[in-house]
Amino acid sequence: MNEQVKLIGQRIKDLREIAELSAEEIADYLNIPIDKYLSYENGEDDMPISILYELANKFDVDFTAILSGDAPKLNVYQFVKAGHGLGVKRREEYQYYNLSFNFANKSIEPFYVTVPPSTGGNSIHLTSHPGQEFNYCLDGRVCIIIDGKEIIMEPGDSLIFDSKHWHGMRALDNKEAHFLAIVSD
């Protein structure tokens with residue numbers, strides 16, 4: 001597993017220990033098996049963004065602090081040049097760039113997301129997390145599933161939904177797709 005995954009796992013472990021919570025308590029809070037949680041904490045498995053987001057809320061820390069180890073420092077604004085967001089390798093299928101990584105006390109997490117062409121099969125990895133999510137399709141076509149309902153997004157289309165419902169996506173037409181995802185807590 002890559003070094004970033006191990007560092008994130010260590011940060012989560014440190015936060016859990018500071019909060020004086022057991023691994024079992026956190027696994028229960030996340031509603032996942034203890035062995036799965038420990039694989040995340042030990043850096044053996046990559047933690048989904050949904051779990052990282054829940055843990056940031058649980059420990060009352062900024063999402064960016066978990067990802068990078070640095071607390072955001074900007075309070076008035078943050079300008080991010082195209083292609084210079086903080087790369088977040090959270091899922092093998094998608095590439096995320098956090099666009100607000102150095103802005104403190106934010107109530108949303110904006111991501112630039114790249115969805116590669118589907119590699120056979122029509123399976124979509126589903127996830128859920130607290131809050132709401134807003135997606136704006138920039139280019140390509142994306143199939144998003146929310147609670148079993150398929151929604152096809154094309155450039156200029158937008159979608160907002162309660163992200164506690166199971167959802168996932170895949171690019172269509174054997175082409176890469178890009179969209180803006182804004183997640184709130």
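Me: On a 1 Å grid over the protein atoms alone, a cavity is a set of points where a 1.4 Å probe fits but cannot get out. How many cavities of 30 Å³ or more does the structure hold?

Reply: One. Its volume, meaning the space filled by probe spheres set on the points, with points joined across faces, edges and corners, is about 240 Å³. Before we go on: this is a predicted model, in which local features need pLDDT of at least 70 and side-chain atom pairs count only at pLDDT 80 or more, while totals for chains, interfaces and linings use all residues. Residues are numbered from 1 along each chain as its sequence is written, and side-chain values use heavy atoms, with hydrogens and water left out.

Me: What makes a residue part of the lining, and which residues are closest to the centre of the largest cavity?

Reply: A lining residue has an atom within 4 Å of a point. There are 20 of them for the largest cavity, and Y96, T127, E133, H167 and M169 are the closest to its centre. At least two lining residues come from each of α4 (49-58), β3 (108-115), β4 (132-139), β8 and β9 (177-184). These labels are DSSP runs numbered from the N terminus, with helices (H or I) of at least four residues and strands (E) of at least two.

Me: How many lining residues of the largest cavity are nonpolar, polar or charged?

Reply: The lining has 11 nonpolar, seven polar and two charged residues. Here Ala, Val, Leu, Ile, Met, Phe, Trp, Tyr, Cys and Pro are nonpolar, Asp, Glu, Lys and Arg charged, and the others, Gly among them, polar.

Me: Why is R16 called buried?

Reply: Buried means under 20% relative accessible area, exposed over 50%, and partly exposed in between (1.4 Å probe, protein chains only). R16 has 9%, so it counts as buried. This residue is found in helix α1 (residues 3-18). Not counting residues up to four places away, R16 is in contact (heavy atoms within 4.5 Å) with L21, S22, A23, I26, Y37, E41 and F59.

Me: And why is I182 called partly exposed?

Reply: I182, in strand β9, has 23% relative accessibility, so it falls in the middle class. Beyond four places in sequence, its contacts are I108, E109, P110, Q132, E133 and F134.

Me: What makes α4 and β3 largely enclosed by the rest of the structure?

Reply: In α4, eight of the 10 residues are buried, so the helix earns that description; they are I49, S50, I51, L52, Y53, E54, L55 and A56. For β3, six of the eight residues are buried, so the same wording applies.

Me: How do you know that β3 pairs with β9?

Reply: Two strands pair if DSSP finds at least two bridges between them. β3 and β9 have eight, in the antiparallel sense, and one of the bridges sets T114 opposite H178 in β9. Strand β2 (residues 95-98) is joined to β3 by four antiparallel bridges, with N98 standing opposite F111.

Me: Why are β6 and β8 called edge strands?

Reply: The open sheet has three antiparallel strands in the order β6-β5-β8. β6 (149-153) and β8 (167-171) each pair on one side only, and these are its edge strands. Neighbouring strands here are turned by 20 degrees against each other on average, direction ignored, with axes fitted to C-alpha atoms and angles running from 0 to 180 degrees between N-to-C directions. Five bridges join β5 (residues 142-146) to β6, and I145 has E150 as its bridge partner in β6.

How values were computed. 1 Å grid on protein atoms, 1.4 Å probe; cavity = no way out; pocket = protein on both sides within 12 Å on 5 of 7 lines; lining within 4 Å.
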